[in-house]
Amino acid sequence: MVVPADRALQEAIQVAPLIFSDDVRRQKIENRLEQMRFSAATVRRIQNVFKSEMEKGIHQKISSLQMENTYIPELPNGTEEGLFLALDLGGTNFRVILLELVNGVAVREDVKKYHIDSEFRMGSGIPLFDYLAECVSDFVINEGLQDVELPLGFTFSFPMIQHSLDVGILATWTKSFNCPDIVGKDVVQLLRDALDRRGDTRVNVLAILNDTTGTLVQGATQDSNTVIGLILGTGSNACYMERADKVEHWEVERHGEREVIIDIEWGAFGDNGVLDFIKTDFDRESDANSLMVNSFTFEKYISGKYLGEVVRVILAKLTKEGLIFVNHSPGGLLTTGNLTTDLVSHIEQDSVDGDYNSTREVLAKFGIIPDDDDLSAVQYVCEVASNRAALLVSACLSMLLERIDKEEVTIAVDGSLYKHHPRLEGWMNQYISLLAPGRKFKLMNVEDGSGKGAALVAAIAQRLKKRFI
Ligand code: GLC
């Protein structure tokens, strides 16, 4: 039974029907995918579980949401000045960035990307940090700044337990990293030690932060209503400005802070089983194929590293069950890891354009010449999986808007999935409006929070240091 207030929601979350020549197979495919579709009641349940996990996390009770204190109590105020270094570690490319800030605005930005081979990403942590320090030296020396003291903000996009603005204990690796020997260590210290071992630059690590935090801080320079930072990229996470008096985990001396940024680490939402009511056999298999099995439940439903794999697992099952690719072999399309999320985004373009051109292009890459039913089914699966991701993110954001309870909230968003998926933004606008009725919000694209945001956080750290020493 749908309660009247949920009727609009129930209608909005429908996807286009599957068009198929064979009614029996169509029905079977739709039934098979039914578990990926939510009723309005399920969405409400997700909202409630998220709300309660946030509340538990902030009160230091057992929760799958870390609700980590970042110790950043204020946003840029337009006085940030000088040369700053920013490091961005989170994906397979490590970025070193030099920024010159004038009145809180980046007037110069030099960036260099360094590829991190899998031997560094999945070995021991010390060689990884030695490599990071080598990249920093290479960059700083090339800039001719080896003798200049450079304040640095380190964007480290993994879960950390923060003891202060410049102490971050690695809680667990995610995405494509796994160097187990440094879990539980302070990554700022590891970086400082590696830089000291080289001794060829004068870099001063002032702050460690998460990419969501950098995005929020950078967003705040563009729109003063920004109080949420969201990443929908390889991984997914969000942070927000919380009232300081609600935050129990606070290890350093307080100085009358009124607010502080909280890193939710929502990728791990559901790791304790609270979201099991939406888990499908497709999710179980996609998890089993992942680097860190049984962790980052929520991230595996929604983010760029996994969405393609979820689609691939569904297509593989439908093929095995004789429902699709009956006349043509799907070839390499069904090999684990082969259907990346950028291809899902590309296929989704067809749902916007109302044709099959992109789907055909993607399938052609795998040597498949599909019939109309295959085209239609592939598109349908991409739509269902993408739509579920949009709903999940929107359900959490709606609860965050309730929690923040401000008249107008701007959500600063970054990440490849959000930027390249043609329908996520539209769905999110629609669903958040329905799930948080009466709340005024805006989704704002922010570029390079991990770079510019990190420099701004380093400048804020400098300001706080001067004020309290
Ligand atoms: C993963 C990390 C998180 C980060 C997110 C987006 O979920 O644990 O810290 O913010 O990816 O990059």
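Buried here means under 20% relative accessible area, exposed means over 50%, and partly exposed is in between (1.4 Å probe, protein chains only). By that yardstick cysteine 239 is buried, with a relative accessible area of 0%.

Some ground rules will help as you browse. This is a predicted model, in which local features need pLDDT of at least 70 and side-chain atom pairs count only at pLDDT 80 or more, while totals for chains, interfaces and linings use all residues. Residues are numbered from 1 along each chain as its sequence is written, and side-chain values use heavy atoms, with hydrogens and water left out.

## Domains

The domain assignment gives domain 1 (4-66 + 269-445) and domain 2 (70-209); such bounds come from an automatic or database domain assignment. Their C-alpha centres lie 33 Å apart. Seven residues from domain 1 and 12 residues from domain 2 make up the contact, where contact means heavy atoms within 4.5 Å.

## Cysteines

How many disulfides does a search of the whole structure find? The search finds zero, taking a disulfide as a pair of cysteine sulfur atoms within 2.5 Å. For cysteine 135, the closest cysteine sulfur is in cysteine 179, and at 14 Å that is too far for a bond. Cysteine 239 is in no disulfide either, as the nearest cysteine sulfur, that of cysteine 396, is 14 Å away. Cysteine 135 is buried as well, at 2% relative accessibility.

## Helix α11 and its surroundings

Helices (H or I, at least four residues) and strands (E, at least two) are DSSP runs, numbered from the N terminus. Helix α11 covers residues 341-353, 13 residues in total. The expected span of a helix is 1.5 Å times one less than its number of residues; for α11 that gives 18 Å, and the end C-alpha atoms, 19 Å apart, agree with it.

Which residues of α11 are buried? They are Thr341, Leu343, Val344, Ser345, Ile347, Glu348 and Asp350. The cover over these buried residues includes α10 (307-320), α12 (357-365), α13 (372-404), α14 (416-420) and α15 (424-435). Just after α11, glycine 354 takes a positive phi of about 75°.

The axes of α11 and α12 come within 6 Å and cross at roughly 145°. Here axes are lines fitted to C-alpha atoms, for helices over the stretch in contact, and angles run from 0 to 180 degrees between N-to-C directions. On the α11 side, Leu343, His346, Ile347, Gln349 and Asp350 take part, and they meet Asn357, Ser358, Thr359, Glu361, Val362 and Lys365 of α12. The residues of this contact divide into three nonpolar, five polar and three charged. In that count Ala, Val, Leu, Ile, Met, Phe, Trp, Tyr, Cys and Pro are nonpolar, Asp, Glu, Lys and Arg are charged, and the others, Gly among them, are polar.

## Individual residues in the helices

Here are four helix residues to click through.

| Residue | Helix | Relative accessible area |
|---|---|---|
| Glycine 308 | α10 | 1%, buried |
| Threonine 359 | α12 | 0%, buried |
| Alanine 364 | α12 | 47%, partly exposed |
| Arginine 403 | α13 | 17%, buried |

Neighbours within four places in sequence are set aside for the contacts that follow. Threonine 359 is in contact with Ile347, Asp350, Leu375, Val378 and Gln379. Glycine 308 is in contact with Leu339, Thr340, Thr341 and Val344. Arginine 403 touches Met54, Glu55, Ile58, Tyr240, Glu242 and Lys246.

How far apart in space are alanine 364 and valine 140? They are 45 Å apart, C-alpha to C-alpha, with their positions 224 residues apart in sequence. Glycine 308 and alanine 364 are 56 residues apart in sequence and 17 Å apart in space, again C-alpha to C-alpha.

## Positive phi in the loops

Glutamine 60 has a positive phi of about 65° although it is not a glycine. The loop that holds glutamine 60 runs between α3 (40-58) and β1 (68-69), and this residue is partly exposed, with a relative accessible area of 48%. Asparagine 103, also not a glycine, has a positive phi of about 50°. Its place is the loop between β3 (93-102) and β4 (105-115), and at 48% relative accessibility asparagine 103 counts as partly exposed.
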